[in-house]
Amino acid sequence: MNAVWSRFNIASIVLGFAFLYLPIVLLVVFSFNESKLVTVWGGFSTKWYVSLFHNQGLMDAAWVTIRVGLISATVATVLGTLAALTLTRYTRFKGRLLFSGMVFAPLVMPEVITGLSLLLLFVAVNLDRGFFTLTLAHITFSMCFVAVVVQSRLLTFDRSLEEAAMDLGAPPVKTFFQITLPVILPAIVSGWMLAFTLSIDDLVISSFTSGPGATTLPMKIYSQVRLGVTPEINAACTILIGLVATGVVIASVVNKQREVQRLRDEQIALRG
């Protein structure tokens, strides 16, 4: 009976991973297809990558996506970190429940509602939709994810380190930048990467808040897919997959090195 369940579990895992990753593998493979038909293999070729970089529409959309992602992720990281510090360090203040609800509302709010609400807001204040409104929208929905990541790290933070620094004469600001910030920096970096990934991946909210000259890459790809998938889209998606995978690998290596260094420092301190 256990052997049967073991085979069933293995088969379920294999089918699950195949369902998730096989379409991605096929997309990457057919991005090197010689044929213009995305479902017919015509031989190996990289011409669609060359064609992609000569497609001005996709290049402009990619540049807008990168700029929006960098700006929104940076601002959302600063605001999310401040929100996490406020919720963690100041447990009792008037309006804390309302503030917490406003910070974390985008986590549970459907994207359609968030996008429509932001659209109505921009129309009510007579703000023309474009790059600025698109960036504001991305900051709004990504800030809460940064706050969650940083707050989870702050909850396990040893406050005695800060107290020791202040007992030795360090002011609160210096204590934060020299003690607190280096400890929570991995969480801040993770929050930034998460915010950036969510920004370049968003389609629904961007569709409500973008305007002329502010078309993101997901919006451009979606508009072209409605008319038919082209090998250039496969090439663009493959590049995105490669960039995300590279970022994940680099982050994993950096975190692993930091963990090894931390363990070494602890061992040296214990020996001392």
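## A helical chain and its largest pocket

Let's start with a hole in the surface: the largest pocket has a volume of about 550 Å³. Of the 21 residues that line this pocket, Ile66, Phe196, Ile200, Leu240 and Leu243 sit closest to its centre. Which elements give two or more residues to the lining? They are α2 (47–53), α3 (56–89), α8 (172–201) and α11 (231–271). The biggest share comes from α11, which supplies eight residues. Sorted by class, the lining has 18 nonpolar residues, three polar ones and no charged ones. How does anyone find a space like this? Rolling a probe the size of a water molecule over the atoms shows where empty space is left.

Keep in mind as you turn the structure around that this is a predicted model.

**The whole chain**

Now zoom out. How many helices and strands does the chain have? The count comes to eleven helices and zero strands, so if you read along the sequence by the DSSP runs, you meet one α after another: α-α-α-α-α-α-α-α-α-α-α.

What about the overall size? The C-alpha atoms fill a box of roughly 70 × 65 × 45 Å, taken along the principal axes. The radius of gyration is 23 Å, whereas a compact globule of 272 residues would have one near 19 Å. Of the 272 residues, 32% count as buried. Contacts also link parts that are far apart in sequence: among contacts with a separation of 6 or more, 70% are between residues 24 or more positions apart.

**Two residues in loops**

Ser210 has its place in the loop between α9 (204–209) and α10 (217–225). Is Ser210 buried or exposed? Its relative accessibility is 9%, and because the cut-off for buried is under 20%, Ser210 counts as buried. What does Ser210 touch? Leaving out residues up to four places away in sequence, Ser210 is in contact with Arg129, Gly130, Leu134 and Met219. There is a polar partner too: a polar atom of the Ser210 side chain lies 2.9 Å from the backbone oxygen of Ser206.

Asn126 is another loop residue, placed between α5 (111–124) and α6 (131–155). Its relative accessible area is 65%, and exposed means over 50%, so Asn126 counts as exposed. The backbone of Asn126 has something to look at as well: its phi is positive, about 60°, although Asn126 is not a glycine.

**Three residues in helices**

Back to α11, the helix that gives the most to the pocket lining. Gly242 is found in this helix, and Thr246 is in α11 too. Where does the side chain of Thr246 reach? It reaches the backbone oxygen of Gly242, at 2.7 Å. Gly242 also has a partner from far along the chain: Val28 is 214 residues away in sequence, but the two C-alpha atoms are 9.7 Å apart in space.

Ser117 offers another pair of this kind, this time starting from helix α5. Ser117 and Thr209 are 92 residues apart along the chain, and their C-alpha atoms are separated by 9.8 Å.

How accessible are these three helix residues? Here are their values together.

| Residue | Relative accessible area | Class |
|---|---|---|
| Gly242 | 30% | partly exposed |
| Ser117 | 41% | partly exposed |
| Thr246 | 43% | partly exposed |

Why do they carry that label? Partly exposed lies between the cut-offs of 20% and 50%, so Gly242 at 30% gets this class. The reasoning carries over to Ser117, because 41% falls between the cut-offs, and to Thr246, because 43% does too.

To try this yourself, find Gly242 in α11, then look for Val28, 9.7 Å away from C-alpha to C-alpha.

How values were computed
Residues are numbered from 1 along each chain as its sequence is written. This is a predicted model: local features need pLDDT of at least 70, side-chain atom pairs count only at pLDDT 80 or more; totals for chains, interfaces and linings use all residues. Side-chain values use heavy atoms; hydrogens and water are left out. Helices (H or I, at least four residues) and strands (E, at least two) are DSSP runs, numbered from the N terminus. Buried means under 20% relative accessible area, exposed over 50%, partly exposed in between (1.4 Å probe, protein chains only). A polar contact is a pair of N or O atoms within 3.5 Å; within protein, one must be able to donate a hydrogen and the other to accept it, and residues adjacent in sequence count only if both atoms are side-chain atoms. Contact means heavy atoms within 4.5 Å. On a 1 Å grid over the protein atoms alone, a cavity is a set of points where a 1.4 Å probe fits but cannot get out, and a pocket is an open set with protein on both sides within 12 Å along at least five of seven lines; lining residues have an atom within 4 Å of a point. Grid points are joined across faces, edges and corners, and a volume is the space filled by probe spheres set on the points. Ala, Val, Leu, Ile, Met, Phe, Trp, Tyr, Cys and Pro count as nonpolar, Asp, Glu, Lys and Arg as charged, and the others, Gly among them, as polar. The radius of gyration is taken over C-alpha atoms; the globule rule is 2.2 Å times the number of residues to the power 0.38.
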